[in-house]
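Visitor: Could you take me through the aromatic rings in this one? I'd like a close look at how they pair up, and at what else is worth a glance along the way.

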Amino acid sequence: MDKKLIMTPGPTEISKDVREAMALEITNPDLDLEFFDFYKDTTEKFQELLKTQNEVFILSGEGILGLEAACATLTEKGDKVLALDNGFFGRGFGEFAEMYGADVTYLSFDYRRGIDIEKLEVFLKTNHNFKYATLVHCETPSGLVNPIDKLCPILKKYGLITVVDAVASTGGEAISVDEWDIDILIAGSQKCLSAAPGLTIVSVSDHVFRSIDARQEPIHSFYCNLALFRDYYKNKEFPYTQPISNIYSLKKAVDIVLSNDYVNQHALVGTALRKALVAGGLKLYPQDSYSNTATAIILPEGICFKDLYETMKNQHHVLIAGAYGDIQGKVFRIGHMGHICDKDKLYITLKALEASFNYLGFQTQCNMA
Ligand SMILES: *Cc1c(COP(=O)(O)O)cnc(C)c1O
């Protein structure tokens, strides 16, 4: 494939070091005890990144596996679940819980704003008979970030297990699992961590393990059963063969994140990009709670996404993303997470965007780059 600048909100570009780690000599990960230590070391790096003492597991599948595994592991038929819904992934998370037999209540919020903390508090006062709640940190399709630091402690006050999709924020936004009462946090390799797609990282609290122990029904899945990982290190046994090359590269990726001041870098780049776009005469899709890892922009009148995408790709070799759900065709997105949270890459992207808009008949109001 031709070399392009991949400025999408995941998968992102991957650094040479992370790619080369995938080519290291492998061993038999089922039998070689050194691999158990390597896996555990990698999970300890994630404990550091996520600021948690909770167990961390690496699962062999892209981020969606983590969402489904959380639902499969927690849900028994008829369990009441609360899905906080202010976007595509928030809605979809509730649907995964339904798939495993949960009775899901969707508490919906404005799709262009961060979740309203007061509205949640008022709701919980009279409705809190739920086993767990699902919520999303960065709603990538709309470029929004939800205040999980406030939302999870409130949910926890009412005894709900908190399950957070942080696939598009881990390694880009500040996260503090223990302080914020997050029982299950789900991250993915291909977003801010800038490793290849294919791995989910989950942190799992004692509250979750107690809930597993109290189940009446078995967990109706093998691949999505988080309990199978519980004693992997003690027993030196994984439920299935681990994707060793991907884990080598994930370890490299997390080391890179930890060696950078990543929260401030993402905040700086995200803020600068938003300012440039607004100064250029464009409108952002969110009305508050802007994500520092992905930006969603309303397409100007008369510009069709396909034309913009093709012009950016064919004339400038820059890949941008569209949107899905109700805003498909109305919004386009630029990723600035992990390896692509970089001012030179955004300079090139903004130059290309300006030239593409001018080519397609929309004049930007300033030199955005
Ligand atoms: C990327 C992402 C996932 C994983 O989904 P894919 O699009 O299949 O990679 C899950 N949740 C969020 C919020 C994401 O951004």
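Guide: Here is a walk through the ring pairs, followed by a few stops elsewhere. Keep in mind that this is a predicted model.

Searching the whole structure turns up 19 aromatic pairs. Let's start with Phe36 and Phe238, whose rings are stacked, with 4.6 Å from centre to centre and 10° between the planes. That angle falls under the 30 degrees that counts as stacked. The two come from distant parts of the chain: Phe36 belongs to helix α2 (residues 33-50), while Phe238 sits in the loop between α8 (232-235) and α9 (244-258), 202 residues apart. Phe36 has a relative accessibility of just 1%, so it counts as buried. Phe238 is buried as well, at 9% relative accessible area.

Next up is the pair Phe57 and Phe229, and this one is tilted: 5.6 Å centre to centre, with the planes at 35°. Because Phe57 is in strand β2 (residues 55-59) and Phe229 is in the loop between α7 (206-213) and α8, this pair ties together parts that are 172 residues apart in sequence. Both Phe57 and Phe229 are buried.

Now put the two pairs into one picture. Phe36, Phe238, Phe57 and Phe229 are all members of a cluster linked by ring pairs. Alongside them, the cluster takes in Phe35, Phe38, Tyr39, Tyr223, Tyr232, Tyr233, Tyr240 and Tyr248.

Rings also meet charges here. Lys119 has its charged end over the ring of Phe109, 4.9 Å from the ring centre. Over at Tyr324, it's the charged end of Arg333 that sits above the ring, 5.4 Å from the centre.

Arg333 brings us to a sheet, as its number falls within β14 (331-335). This open sheet has three strands in the order β11-β12-β14, paired antiparallel. β11 (283-284) and β14 are at the edges with a single partner strand each, so one side of each has no neighbour in the sheet. Two bridges connect β11 with β12 (residues 294-298), and Leu284 has Ile297 in β12 as its bridge partner.

Last stop: the largest pocket, which holds about 330 Å³ of space. Its lining is made of 13 residues, and those nearest the centre are Lys3, Lys4, Ile6, Glu13 and Ile14. By class, that lining splits into five nonpolar, three polar and five charged residues.

Definitions and conventions. Residues numbered from 1 in each chain as written. Predicted model: local features only at pLDDT ≥ 70, side-chain atom pairs only at ≥ 80, totals over all residues. Heavy atoms only, no water. Phe/Tyr/Trp six-rings, centres within 6.5 Å; stacked < 30°, edge-to-face > 60°. Helix = DSSP H or I, 4+ residues; strand = E, 2+ residues; numbered from the N terminus. Buried < 20%, exposed > 50% of the residue type's maximum accessible area, 1.4 Å probe, protein only. Lys NZ or Arg CZ within 6 Å of the ring centre and 35° of its normal. 1 Å grid on protein atoms, 1.4 Å probe; cavity = no way out; pocket = protein on both sides within 12 Å on 5 of 7 lines; lining within 4 Å. Points joined across faces, edges and corners; volume = space filled by probe spheres on them. Nonpolar A, V, L, I, M, F, W, Y, C, P; charged D, E, K, R; others polar. Pairing = 2+ DSSP bridges.
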